[in-house]
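Me: I'm new to this one and keep tripping over the labels. Could you walk me through how they are earned?

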Amino acid sequence: VQLQASGGGSVQTGGSLRLSCAASGWTFSGYSVAWFRQIPGNEREFVAAIGWNAGTTGYADSVKGRFVISRDFSKNTVWLQMNSLKPEDTAVYYCAADSRPYYGGSVDLLKDTWPNWGQGTLVTVSS
């Protein structure tokens, strides 16, 4: 299972970016996908997740109302649309996947419960 995250970059406060997480050599269908982010020296924290059937989504309180997670089965890709970006959103963003259903429970907030990871993509928001 290989994942590839892309779309990071540098924006000013209030700007937008769209991150993508693509599956390489396998299909995303049947997998729940999550985004996490990490600042150097800090723990990797949950940002958002979407269920295998796209019927369930969940967000960290810090991004709720600003970020939207979605998936395109035809493109085998999960998107994270990030709007109204703030300097505190600056981090390396990672996507993760698992074949379990996503119900938005507390266990899904834990990075150790997601077995498959892509490389990170850096998002920098300047004030």
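Reply: Sure, exposure goes first: buried means under 20% relative accessible area, exposed over 50%, and partly exposed in between (1.4 Å probe, protein chains only). This is a predicted model, where local features need pLDDT of at least 70, side-chain atom pairs count only at pLDDT 80 or more, and totals for chains, interfaces and linings use all residues. Residues are numbered from 1 along each chain as its sequence is written, and side-chain values use heavy atoms, leaving out hydrogens and water.

Me: Why is Leu 110 called partly exposed?

Reply: Leu 110 has 48% relative accessibility, so it counts as partly exposed.

Me: And what makes Ile 39 partly exposed?

Reply: Its value is 38%, so Ile 39 gets that label too.

Me: Which residues does Ile 39 touch, leaving out those up to four places away in sequence?

Reply: Thr 90 and Ala 91. Contact here means heavy atoms within 4.5 Å.

Me: How do you know that Cys 21 and Cys 95 form a disulfide?

Reply: A disulfide is a pair of cysteine sulfur atoms within 2.5 Å. The sulfur atoms of Cys 21 and Cys 95 are 2.2 Å apart, so the pair fits. A search of the whole structure turns up 1 disulfide.

Me: Which parts does the pair tie together?

Reply: Cys 21 sits in strand E3 (residues 17–24) and Cys 95 in strand E9, so the link joins parts 74 residues apart in sequence. Strands (E, at least two residues) are DSSP runs, numbered from the N terminus.

Me: Are these two cysteines buried or exposed?

Reply: Both Cys 21 and Cys 95 are buried.

Technical notes: Helix = DSSP H or I, 4+ residues; strand = E, 2+ residues; numbered from the N terminus.
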